[in-house]
Amino acid sequence: MLRLRLLAAAGVMPAACCLVLLVVASPAQADKWKPVDCSLTPDVPECSVEVGTPPSTGDGNSGGEHNGGSNTGGGSGGEHEGADGCRYIVIGRDDPPAGAPQPGAWYSRHCINDGGASERLPVWIADAQSPDPAVLARSAISRLDLPVPAIRANPAPPAAQLLNVPTWLWLEGPSYRARSATASVPGLSVTATASPSKVRWSTGDGASFTCSGAGTPWRAGMDPAVASSCSHTYKVPSNGQPGGVYEVRATVTWEIGWDGGGTSGSVDPVTTTATVPLRVQRSSALNGAG
């Protein structure tokens with residue numbers, strides 16, 4: 001009868017761990033892969049099998065050497081140090097046993113007992129199940145740090161805007177740029193990107209409009225009488241409003257997508273909003289003329 005001895009260092013195996021053991025003959029036999037009938041020869045060393053929870057197989061690839069959780073390189077064989085102090089070495093991924101969970105790999109287990117090396121029998125260990133990229137995408141999206149719109153106007157507040165003269169409105173560059181964030185687990189990374197697509201302006205006097213970009217910044221030497229790509233001309237002064245100002249609101253719409261794990265997707269857009277007070281008055285030239 002096959003004797004199973006649970007590894008004390010491994011403890012109880014978690015439900016997520018799947019092991020399939022293949023008992024093989026010792027190297028002394030002509031064909032080391034010839035199965036041993038433990039019902040007939042239960043006392044041979046090959047029929048004493050230890051069952052435990054091996055270390056994570058990392059990213060599911062056979063390449064790389066893992067020692068204490070670190071990845072130090074690539075290669076055709078993966079090497080892992082388990083919690084039981086033994087080393088698990090990938091020896092192949094072909095010919096999994098019937099009914100074994102896949103993907104996975106054959107591992108040989110190497111331990112040091114009583115000062116001597118002991119090589120244990122190969123075991124088939126299923127790769128850790130990779131998380132759904134869409135689930136990881138939600139984590140990446142939650143890490144997006146979307147800025148508050150930085151509203152700018154010409155003339156620059158607290159200077160007053162003038163009636164019948166276009167007020168240039170725009171957002172400062174850094175507050176209207178794509179942002180990204182990445183969430184990772186061993187073997188999988190997903191990056192979420194938020195891109196600004198439009199700005200909805202409410203000027204406080206009942207008008208509103210949408211600009212497809214951040215707007216055109218005012219620069220010295222530009223003609224203030226010419227409307228910009230995103231401007232508004234006030235017709236009524238703000239002295240009758242609360243505080244004597246119009247509240248100007250900018251709402252940015254962000255399109256959010258993600259990519260990773262060989263797939264991609266998107267979520268519903270989100271918005272960010274900011275307000276600034278603008279004082280609007282008649283020009284002194286108009287007042288003097290009228």
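## Contacts of L171

Leaving aside residues up to four places away in sequence, L171 is in contact with P149, A150, I151, Y176, V199, W201, A214, A250 and V252. The structure in which these contacts are found is a predicted model, and the contacts of L171 serve here as a way into the packing around this residue.

## The nonpolar cores

L171 belongs to the largest nonpolar core, which has 34 residues, and together with L144, V199, W201 and Y234 it is among the members that touch the most other members. The elements that each supply at least two residues of this core are the helix α1 (133–142) and the strands β11 (151–154), β13 (166–171), β14 (179–185), β15 (188–202), β16 (208–211), β18 (246–260) and β19 (263–278). Of these, β18 gives the most, contributing 7 residues to the core. Apart from this core lies another one, made of 6 residues, among them Y88, A105, Y107 and I125.

As general background, nonpolar side chains tend to be buried together in soluble globular proteins.

## A three-stranded sheet

Two of the strands that supply the largest core, β11 and β13, also take part in an open sheet of 3 strands, whose order is β11-β13-β17 and whose pairing is antiparallel. The edge strands of this sheet are β11 and β17 (231–233), each of which pairs on one side only. On average, and with direction ignored, neighbouring strands of the sheet are turned by 25° against each other.

Between β13 and β17, which run antiparallel, there are 3 bridges; for P166, the bridge partner in β17 is T233. In general terms, the strands of a sheet pair through backbone hydrogen bonds, in either a parallel or an antiparallel manner.

## The disulfide

A search of the whole structure finds 1 disulfide, and this disulfide joins C211 to C230, with a distance from S to S of 1.9 Å. C211 lies in strand β16, whereas C230 lies in the loop between β16 and β17, so the pair ties together parts that are 19 residues apart in sequence. The torsion about the S-S bond of C211 and C230 is about 95°, and the disulfide is therefore right-handed.

Both cysteines fall under the cut-off of 20% relative accessible area that defines a buried residue: C211 is buried with a relative accessible area of 7%, and C230 counts as buried at 2% relative accessibility.

Notes. Residues are numbered from 1 along each chain as its sequence is written. This is a predicted model: local features need pLDDT of at least 70, side-chain atom pairs count only at pLDDT 80 or more; totals for chains, interfaces and linings use all residues. Side-chain values use heavy atoms; hydrogens and water are left out. A nonpolar core is a set of buried Ala, Val, Leu, Ile, Met, Phe, Trp, Tyr and Cys residues joined through side-chain atoms within 4.5 Å. Buried means under 20% relative accessible area, exposed over 50%, partly exposed in between (1.4 Å probe, protein chains only). Helices (H or I, at least four residues) and strands (E, at least two) are DSSP runs, numbered from the N terminus. Contact means heavy atoms within 4.5 Å. Two strands pair if DSSP finds at least two bridges between them. Axes are lines fitted to C-alpha atoms, for helices over the stretch in contact, and angles run from 0 to 180 degrees between N-to-C directions. A disulfide is a pair of cysteine sulfur atoms within 2.5 Å.
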